[in-house]
Amino acid sequence: MLHFMCISVVCGQNLPRPSYITTEDGLRNRFVTSVCMDNRNLIWIGTNQGLERFDGIEFLRIHNQKSSDIYFPGTDIAKSGIVMLNSQTLWVLADEKIYSWDLCTYHWSEFKLPEAFSGKVSGINKTGENEVFIHIRSSDKILLIQYRNGNFQKIGQTEKSKYNVTHAAVDSEKKIWWSTPLEGIKIYNPKVGLEKIIKPDSIIWYGLKLFVVPVFIDSKDRIFFFPKSVNELWMYDPVNNSHTVIAANLDSPVYYALEDSQGNVWFASRKKLLRLRQKEGESILDDETGHIAKRFNYTQINQLYEDNDKVLWIATNNGLIKLPVGPQWIDRFLVVPDQEWGNEMRGIFEAGNGDIYTFCENYTPGLHRIKDGKETTGLEPQYYPYLKKYGKIDGGNSFCYHKKLDKAYFLINDLMSVDVSKNQVNVEWACDEITEKLERNPLSMLSDSILILGHTLSKTTLYDPVNKKVLASFRNLPNSEEIKNICFADDRSGNIWIGTSAGLYIVSREGKLLDYFHTESNPALPNNTVLTIRRDRNHNMWLGTLGGGVVFVKLQVTKGVNSGRFTIDYKKSAFEFIGKEDGLPNENVPGILEDDYGNMWFSTYDGLVRYQTESDVFQTFLTLDGISNNEFNYTSAFKDSKGNLWFGGLNGLNKINPDFAVNGGVANRLSFTSFSKYNRRSRQQERTFIHDNDDQQLYQISPFDSWFQFNWTLPDYINYNKNNYYVKLDGLNEDWQYHGNQAYIRYHSLAPGQYRLHIRGVDGKGIKSQGEISVRIKVNPIFYETWWFRLLVMFFAGGIIYAIYRYNLNKKLEMERMRVRIASDLHDEVGSMLSGLAMQGELLAESSGKSEKPKLEKIAGQSREVLSKMRDLVWSIDSRRDTVQNLLDRMREILEELLYPKDIRFEFETGELPLNKDLPVNIRQHLFLIFKEAVTNVVRHSNADHVYVYVGNLNQDFVMIIKDNGSQSLHPSTTGMGILNMKMRADKIGATPELNMKTAIW
């Protein structure tokens, strides 16, 4: 039943899986000749049709065609023809000319060589900051020039031939090894000049004998030769002037070499990729060709380049290969090559001798042993009779090792033990009443080495493996077959946490239910299915759930003063949730471990996550980083005695050495790449490339721009599609908004005003970007919403109002002048004529006979009456008599003129009135004529000897009262128009007339 198995895989120094960039990913030309990373960690790609800049998301086209994003005359970029001269300048060798790129402005210019060194540039090699070797072909010779900090120095020259390729390398003594076609390798000493010439190899090329042998010197001063006569790789011994063949039978000569940041040296022939590494003081040469070419076709390697993120870029004639070459701190075991789902791993434990055992559920099922970093077999299995026909351990998700008994326990229908020293499997306890063959049957060991097991909540049991007896059965817990146990753990108080399919139950050792948490409780869980429970060094608890991420429970603990025992208030404990927005790549978390540095490790269904609790930084590892599979299993997480972490998944086992990963990483520089907007008036889209993060740059948005958009990048050339971003727009959002993995944001119809856009990023490994980036935005209002337009409208409206006012004022003044003129004319001319007519009539009446006298007196009287009415009319239209006081004075004059001759006394009383206020002419005229008509009626139709007049305000209304003491019988009805005229005039000014004949009141 115990079966150890080995499968043929490469372990230990397994490289992560490579990824690729081809024309299908947006690369314009597949024949890549050169690769280089700039100061913003953006990748510059040279092809035989121009340049491209790649930010991990999109390509910037730089060539001499109309479709280019930036015009550049260079077409054929030389192999290894792009170098960073310094942090702000990029050199590009194209069409045998050097072009200098300003990375702040993206302006280029042709780099002019001094006349003494004029010719065609065949190659450039960077050897330091602002230091480059330049290979120049003139009409009759080849020159090697050293450019350093703006100065040129000729190193040497050689004769020109049909084959004019040269190479240069520098050793630790600053000696320059220059490989030439006709003279061999010329070694220049910076103190004495040419020191020696060696010719380690030669070939006959079209009848010409050539001695060209490219040289590569690593940081250990190891000298490698790439001979042309044989397809081999040599290591040169300068003391004995001899060489050692370290690789033979290659497909072609070696053309390129690179030493990476780990000290490995990479060599490339036409198709092969070799890696020379050190292991325990021994040099090992690995052929990695099959690893990089498994899913990618190419026939020619053109350059090797390692970027700042320890990614090896391999330029080929079919695109780019990206291979992470950083520290290899992940070892893989039991991996089935070329299978997504191979050896599915479950329980893991460590025996007393330090060997690691792991259970494989399928493909090569059984219990496997890993000893000294190797998968071993050779032990004869002892079969448990009941399962003898299977020939292996069948089942058992969880394994618990008891150090004192030197046994590992697992649970199928019964509780079983594995005696690894005797290679035996035994039945410890027949307990099929608390298990279910087709279910999980969880098993755990508590802090005091007591086993806890049971299929459902009510079947949970504590078992003492030393004394082989049941300590407690939790029969009083909810009895439901629907509540299935999944995992167990105990806290610092000794209470037991049971993760089930229905939530988290906390019970005492006696089986008393202490608390229960689920999605509806307070505090609540994000999901009811708890897959794993882990207690950390601070005695807080971590829960991994199915679909709900991680729950961190910071326990509310009090210590008894006398007893010293810890008491936990579970309800008052703080529940914190960690999900996808916080940095988890997936919210299914089947495994949790804590390393020796206090970092928490979460295995998920989509990667392995390290969470640095102090800095709140998440880092995700995927197959591209070296793990065997992205999906992990529950009950397959284990920490060994050396601090190594073991995680099992759908294909093999991963050993993590936290010592190499403790420092984590630093995310790349977050930077804006472009700004776009669409103008609906011109129907054109504008795009501006952003060359640097200038947070003072102001982007103006026209009111006719339908939308505008900012693109940015956080370069991660392995897991860029797992980057996450957070945005905040000052003036619109007060808080940071989670933006997902879209590296752009577009705004439509943003209100006019000043804004500032802030961006933060977290890369695919969960590492936060170095700070944030921001830009200033000004959304201009449409012209009629601008302050100047509003001010102009105000001035215009004010001008119109003033013009209308002036017009009305002039009209009013003209009217008043006309009223005055008419009044004056009537008074002076018509009045004098009527007065003369009346006087003539009176004179004629005195001298006429009796028969004519009455007629003449009538004419004189009517003339006087017409004159009086005319004077009243003149007074009413005279603009010089418009005030309330003028009206009151005229009323008093009328009373005196009409009443005194009839011996009628009057009383004229005024209330509170604005005496200096001007009255509209129509109101003044109608009030006066109503008043005069009323007084006239008193005089004509009443025997009154007293008249009372009141003019004033009463209850906010204007009131005019005319009252006499005559009797009703003496007010005969008449066919005159006086009363009707008064009512008509009252209607015209909105007044209400009231006539009381009993009391003779108007």
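Helix α6 crosses helix α7 with left-handed geometry in this predicted model. The two helices, spanning residues 921-941 and 978-988 respectively, pack at an angle of about 155°, and their axes lie 9 Å apart. Since angles over 145 degrees count as roughly antiparallel, α6 and α7 are therefore assigned to that class. On the α6 side, the contact is made by H926, L929, I930, E933, A934 and N937, while α7 contributes G978, M982, R985, A986 and K988. Sorted by class, the residues of this contact comprise five nonpolar, three polar and three charged.

Helix α6 also packs against helix α5, which covers residues 884-899. Here the angle is about 20° and the axes are 10 Å apart, which makes α5 roughly parallel to α6. The crossing of α5 and α6 is right-handed. From α5, the residues taking part are L887, R890, M891, I894, L895, L898 and L899; they meet R924, L927, F928, F931, K932, V935, T936 and V939 of α6. The contact of α5 with α6 contains eleven nonpolar residues, alongside one polar and three charged.

It helps to set these helices against the whole protein. Its secondary structure amounts to seven helices and 71 strands. Of the 1002 residues in the protein, 51% are buried. Among contacts between residues at least 6 apart in sequence, 53% link residues at least 24 apart.

Turning to the strands, one open sheet is built from four of them, arranged in the order β37-β38-β39-β40 with antiparallel pairing. Strands β37 (399-402) and β40 (424-429) occupy the edges; each has a single partner strand, so one side of each is left without a neighbour in the sheet. On average, neighbouring strands of this sheet are turned by 30° against each other, with direction ignored. At the β40 edge, strand β39 (residues 415-419) pairs with β40 in the antiparallel sense through five bridges. Within this pairing, D419 has Q424 of β40 as its bridge partner.

A further open sheet, again of four strands with antiparallel pairing, follows the order β41-β42-β43-β44. Its edge strands are β41 (443-445) and β44 (469-473), each of which pairs on one side only. The average turn between neighbouring strands in this sheet is 25°, direction ignored. Strand β43 (residues 461-464) is joined to β44 by four bridges in the antiparallel sense, and T461 is found opposite S473 of β44.

Two hairpins add some local detail. In one of them, strand β34 (residues 356-360) runs antiparallel to β35, and five bridges join the pair. Y357 has R369 of β35 as its bridge partner. Five residues lie between the strands of this hairpin, where Y363 adopts a positive phi near 70°. Strand β35 (residues 366-371) is mostly covered, with five of its six residues buried.

The other hairpin consists of β64 and β65, with six residues between them. Strand β64 (residues 724-730) and strand β65 (residues 737-740) run antiparallel and are joined by three bridges. V727 is placed opposite Q737 of β65. In the turn, G731 shows a positive phi of about 105°.

A last look goes to a single loop residue, K199. This lysine sits in the loop between β18 (193-198) and β19 (203-205). The relative accessibility of K199 is 48%, so the residue counts as partly exposed; the class above that one begins over 50%. When neighbours within four places in sequence are set aside, K199 is in contact with L182, E183, G184 and F211. For one of these partners, L182, the separation along the chain is 17 residues, and the C-alpha atoms of K199 and L182 are 9.6 Å apart.

Conventions
Residues are numbered from 1 along each chain as its sequence is written. This is a predicted model: local features need pLDDT of at least 70, side-chain atom pairs count only at pLDDT 80 or more; totals for chains, interfaces and linings use all residues. Side-chain values use heavy atoms; hydrogens and water are left out. Axes are lines fitted to C-alpha atoms, for helices over the stretch in contact, and angles run from 0 to 180 degrees between N-to-C directions. Angles under 35 degrees count as roughly parallel, over 145 as roughly antiparallel, 65 to 115 as roughly perpendicular and the rest as oblique. A crossing is left-handed if the near helix is turned anticlockwise from the far one by less than a right angle, and right-handed if clockwise. Contact means heavy atoms within 4.5 Å. Ala, Val, Leu, Ile, Met, Phe, Trp, Tyr, Cys and Pro count as nonpolar, Asp, Glu, Lys and Arg as charged, and the others, Gly among them, as polar. Two strands pair if DSSP finds at least two bridges between them. Buried means under 20% relative accessible area, exposed over 50%, partly exposed in between (1.4 Å probe, protein chains only).
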